[in-house]
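Let's walk through this structure together, starting from one residue and working outwards. Keep the viewer open and follow along.

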Amino acid sequence: MKLLSGTGNLSLSKKIARYLKQKLINSHIKRFADGEIYVEINENIRGNSIFIIQTLSTPVNDNLMELLICIDALRRSSAKNITVVIPYFGYARQDRKVVPRTAISAKLVSNLITNAGAHRIVTVDLHAGQIQGFFDLPVDNLFATPIFAKHIKKNITNKNLVCVAPDVGGVERARALSKKLNAGLAIVDKRRPAPGKSKVMNIIGNIKGKNCLITDDIIDSGGTIVNAAKALKDKGAKDVYVYVTHGVLSGKAVDLINNSKIKKLIITDTIDNTSKIQKSPKIVVLSISKLIGEAIKRISNSTSVSDLFK
Ligand code: R5P
């Protein structure tokens, strides 16, 4: 088994390699002057099982193209099989037609990855679980919930907890966390009047005087979470903590969070945000590297991945 890293999140790839006591494949990925991507594998990989790690964060289109070219290079170098590890699966939010005459980009991305030559996919907290079915390949969708539950047990000692889904789509995720913590469950009734804008209509459940743990898969502009935190505080919540797997953090998201009612925002390193969050006293990053490393080890040894979440 060998590991290849794209340039999307090299620091995460290095941590995964360290966990597996492996070196990353010696490769050369560069851009030509016009932006075209060039990939060269500098060692023999004939007959090896390769895990290529590439996150699909900003610049998402470059990172996607780089991934496709890496897969092609691996296939043409006679790799035995290619497992594509995508810590953050970009384009996952376009998983259906919400209005007529639009693309289902998550399906298109799945087709591109499959047709490039992937044999298996590993990813983390897919925006919609059914994206697994967009691939006719095995897909392991890992969950950050155990990492979050451990952090909560260690750092939030007040037990008056309620897990909050910031929208109806997040109920399953919030319920999974509430089960692990033996906490209550509440739901924010969020509407999107326009793309990128969110409005809280109502809160379902008892949050008065409680420490609220909002959980979500993605924080992008920050609007969903910041509005949810404000609504919870306005309705009498004590402190609001937020646990989100993928810190997309576009535009002014970090400033919005710093100036919000949120006590702490905990994200993982599926996306490398080191430069963006340096100055935020509210943002904490937990590494997903051991979880991904352990999943890679288990896939490689043909042992159970789902046992990681029991
Ligand atoms: C939406 O369904 C997702 O789960 C996130 O809630 C959403 O992508 C967050 O976006 P933003 O931070 O821009 O409100």
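A good place to begin is Leu4, which sits in strand E1 (residues 2–5); helices (H or I, at least four residues) and strands (E, at least two) are DSSP runs, numbered from the N terminus. Before going on, please note that this is a predicted model, in which local features need pLDDT of at least 70, side-chain atom pairs count only at pLDDT 80 or more, and totals for chains, interfaces and linings use all residues. Residues are numbered from 1 along each chain as its sequence is written, and side-chain values use heavy atoms, with hydrogens and water left out.

Is Leu4 buried or exposed? Leu4 counts as buried because its relative accessibility is 0%; buried means under 20% relative accessible area, exposed over 50%, and partly exposed in between (1.4 Å probe, protein chains only). Leaving aside neighbours within four places in sequence, Leu4 is in contact with residues including Ile25, Ile41, Ile50, Phe51, Cys70 and Leu74, where contact means heavy atoms within 4.5 Å. The C-alpha atoms of Leu4 and Gln22, 18 residues apart along the chain, are 10 Å from each other.

Now step back to the whole protein, which has 9 helices and 14 strands. Its radius of gyration is 20 Å, which agrees with the value near 19 Å that a compact globule of 310 residues would have; this radius is taken over C-alpha atoms, and the globule rule is 2.2 Å times the number of residues to the power 0.38. Along the principal axes, the C-alpha atoms fill a box of roughly 60 × 45 × 35 Å. Of the 310 residues, 52% are buried. Among contacts with a separation of 6 or more, 62% come from residues 24 or more positions apart. The protein exposes about 14,900 Å², with carbon and sulfur atoms supplying 50% of that area; accessible areas come from the Shrake-Rupley method with a 1.4 Å probe, and for residues only the protein chains shown count as cover.

Let's turn to charge. There are 48 positive and 24 negative side chains, and the centres of the two sets lie 7 Å apart. Here Lys and Arg count as positive and Asp and Glu as negative, while His and the chain ends are not counted; the place of a charge is taken as NZ of Lys, CZ of Arg, CG of Asp or CD of Glu. Side chains of opposite charge can pair when their charged atoms come close. A salt bridge is a side-chain nitrogen of Lys or Arg within 4 Å of a carboxyl oxygen of Asp or Glu, and by this rule the count comes to 17.

One of these bridges joins Asp72 and Arg76, at 2.7 Å from N to O. Both residues lie in helix H2 (residues 60–76), 4 residues apart, about one turn of the helix. Asp72 is partly exposed, with a relative accessible area of 23%, whereas Arg76 counts as exposed at 62%.

Another bridge pairs Arg93 with Asp220 at 3.0 Å, N to O. This pair links distant parts of the chain, 127 residues apart: Arg93 is in the loop between strand E5 (81–86) and helix H3 (105–116), and Asp220 is in the loop between strand E11 (211–219) and helix H6 (223–234). Arg93 is partly exposed, with a relative accessible area of 38%.

A third example is Asp217 with Arg173, whose closest N and O atoms are 3.7 Å apart. Asp217 in strand E11 and Arg173 in helix H5 (residues 171–181) are 44 residues apart. Asp217 is buried at 4% relative accessible area, and Arg173 is buried at 16%.

What is the nearest side chain of opposite charge to Lys282? It is Asp239, 9.8 Å away, and Lys282 is buried yet has no salt bridge. Lys282 lies in the loop between helix H8 (274–277) and strand E14 (283–286).

Finally, a few backbone details. The peptide bond from Thr58 to Pro59 is cis, with omega near 0°; Pro59 is in the loop between strand E4 (49–53) and H2. Lys21, a residue other than glycine, has a positive phi near 50°.
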